[in-house]
Amino acid sequence: MYISTRGNSPERSGKEVIALGMVPNGGLFVPKHIPEIDWRELETLNYPDLARSILKLYLPEFSDRTLDQAVNVYRSELFSSENPAPLVQVGNMGVLELWHGPTSAFKDMALQVLPHLLKESIQSIAQFNKVLILVATSGDTGKAALEGFRNVPGIEIAVFYPENGVSAVQERQMTTTEGENTYIIAVKGNFDECQSKVKEIFGSKEIKGDFLKGKYTFSSANSINWGRLLPQIVYYFWAYAQAVAKAQIKAGEFINVVVPTGNFGNILAAYYAKEMGLPIKELICASNQNNVLTEFFQTGVYDRQRPFYLTSSPSMDILISSNFERFLYEMSNRDEEKVKTWFGELQSKGKFGVDLQTLAKARDYVKAGWASEAEVKDMIQKVYTEQSYVLDPHTAVAVRVYQKYMECTGDSTYTIIASTASPFKFAGTVLQSIISEQITENEWENLAQLSALTGWTIPMGLQGLEKKTVRKVEKTTPSEIPHLLRQLFL
Ligand SMILES: *Cc1c(COP(=O)(O)O)cnc(C)c1O
C-alpha cells in the first residue's frame with residue numbers, strides 16, 4: 001500500500017497511485033513499507049526477469065499478464081542492444097548506459113513500461129473514462145512518453161516543453177512524433193513553470209471537474225508518478241550484478257552511485273535500491289549550474305529564488321526538484337507535518353529550511369556537488385582523449401562531480417555513473433568540446449561529424465530526423481495552459 005508524503009490521503013493500492021499520478025490535493029505517494037530483498041537471489045536473472053521480480057514486490061495486485069507485457073519491452077526490438085542497460089568500464093568508473101531505448105535517454109527505461117501498468121490501473125479508478133496524460137518535460141521525458149503512449153487506446157497525451165529550453169534534437173524528436181492521440185505544446189517559460197502549472201491542474205477541483213464531465217481523468221507520466229520511479233530501481237540491481245560478473249567487485253562489496261540529477265527521480269530510485277538491501281555506500285547527487293540541491297546539502301536551506309541558467313545539460317535545468325519531497329519525507333523519519341510545512345513554504349515563499357536532524361540524515365545518505373559549463377566541456381574532452389569514450393553533457397556533469405568527490409575524500413570504492421543520454425542527443429556541445437573549434441550551427445551535420453570522428457553509430461531514432469515531417473505544435477504561456485487544454489479536449 002501507498003501513503004502520502006503530506007498525510008492527506010487514505011492508503012491506496014499500486015493501481016490507484018499509478019492511475020492518479022500524484023495525491024489529488026498535493027503531496028506524493030510513497031510505499032508504506034520498503035520491501036527488503038536478498039540481492040544474491042536476483043543476481044543470476046536476466047533483465048526482464050529481474051524487473052518482474054522487483055515490480056511484483058511493489059505491485060502484487062497486478063495480473064501476471066500485465067507484468068509480463070511490461071517487462072517484455074526490454075527484450076523487444078525497442079531496445080537496440082541485447083542488454084538494455086550495459087555497464088561499460090571507462091577508466092576506474094563503471095558507466096551504466098541507460099540510453100539504448102527508442103529515444104536515446106534513460107527515460108525509456110520506465111516510460112516503455114508505464115503504459116502497460118497504466119492500462120490496468122485505469123480500470124480500477126475510471127473504467128469508463130478516457131485518460132489524459134499531462135507531461136511537463138525538460139527535454140527527454142516528452143519524447144519518451146510520446147513514444148510510450150503513442151496510439152495506446154483510451155489514452156491521450158499532452159506534452160509541455162519550454163520553448164527555448166530543450167536541445168535541437170530533443171525538440172525535433174518531439175515534433176516529429178506520430179500518433180492520433182499525441183499533443184505537443186511549446187510554452188513560453190522554463191521547465192519549472194511548466195511543471196508547476198501541470199501540478200496545479202492536478203490539484204484543481206474545478207478543472208478536474210470540467211474534464212470529468214468531458215469523460216477525462218488526468219494522469220501523469222512525470223517522475224511524480226510512482227510508476228515512473230519503480231522501473232528505475234531495477235537497473236541499480238542490474239548494474240551491481242554486472243560489476244560482480246565482471247569481477248570489478250566481490251559479491252557483497254559496497255559501491256558508490258553517481259547520478260546526474262534534475263527532478264531527483266533517478267537518484268531516488270537508487271535510494272530505494274539501497275533501502276531494499278543493495279550494498280550502496282554513497283549516493284552522489286550531481287547538479288549543473290542550477291545547483292539548488294548542492295546548496296541544500298551545504299546549508300539545509302532549499303531556495304529556488306535564484307537565477308535560472310540554460311545549460312548544455314537542459315534536462316537538469318530544474319530548480320524545483322519534485323522528488324526531493326519524497327526524499328525529505330524519509331529523511332525526516334516520515335514526518336508528514338514537516339513535509340507539508342516545507343513544501344507549503346517553497347510554494348508561498350520560494351524557500352524553506354529543514355531542522356538539523358533531518359539535514360544530518362540527508363547528508364549521511366547523499367553527497368552533493370555541481371559542475372560548471374566549462375568543467376563539463378573539459379570533462380567530455382578529457383574522457384574522449386584518454387579513454388576514447390564519448391560522454392553526453394549530463395553524464396559529464398556526473399563524472400566531473402565524481403572526480404571532485406574523489407579529490408576531496410580519496411574514497412576508492414568502486415563507483416557506478418548513471419549515464420542518462422546518448423551523446424548524439426547533444427551532438428553540437430559534444431563535438432565542440434572534443435574538437436575545440438567553432439562548429440556549424442547545423443545540428444544534423446554535427447551528428448554526422450560526431451559519428452565520423454568517434455566511430456560511434458548514430459542511434460536509430462536519431463537518424464534522418466531532419467527529413468521527417470514536422471507536425472503542428474501548439475504555443476502558449478504557462479498561465480494559458482488550462483485554457484488551451486479546454487480548447488483542445490473539451
Ligand atoms: C531527466 C534527465 C536527467 C535528470 O533525471 P531526474 O530523474 O529528473 O533527476 C538527467 N539526465 C538526462 C539526460 C535526463 O533526461
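Q: What makes Lys107 one of the residues that surround the ligand?
A: A residue is near a molecule if one of its heavy atoms lies within 4 Å of it. In this predicted model, 15 residues surround the ligand, and Lys107, Asp140, Gly262, Asn263 and Thr420 are the closest. Local features need pLDDT of at least 70, side-chain atom pairs count only at pLDDT 80 or more, and totals for chains, interfaces and linings use all residues. Residues are numbered from 1 along each chain, and side-chain values use heavy atoms, without hydrogens and water.

Q: Why does the backbone atom of Asn266 make a polar contact with the ligand?
A: A polar contact is a pair of N or O atoms within 3.5 Å. A polar backbone atom of Asn266 is 2.9 Å from a ligand oxygen, so the pair qualifies. For Phe264 the distance is 3.1 Å, and for Gly265 3.2 Å.

Q: How many residues of the shell around the ligand are polar, and what counts as polar?
A: Eight are polar, with five nonpolar and two charged. Ala, Val, Leu, Ile, Met, Phe, Trp, Tyr, Cys and Pro count as nonpolar, Asp, Glu, Lys and Arg as charged, and the others, Gly among them, as polar.

Technical notes: A polar contact is a pair of N or O atoms within 3.5 Å; within protein, one must be able to donate a hydrogen and the other to accept it, and residues adjacent in sequence count only if both atoms are side-chain atoms.
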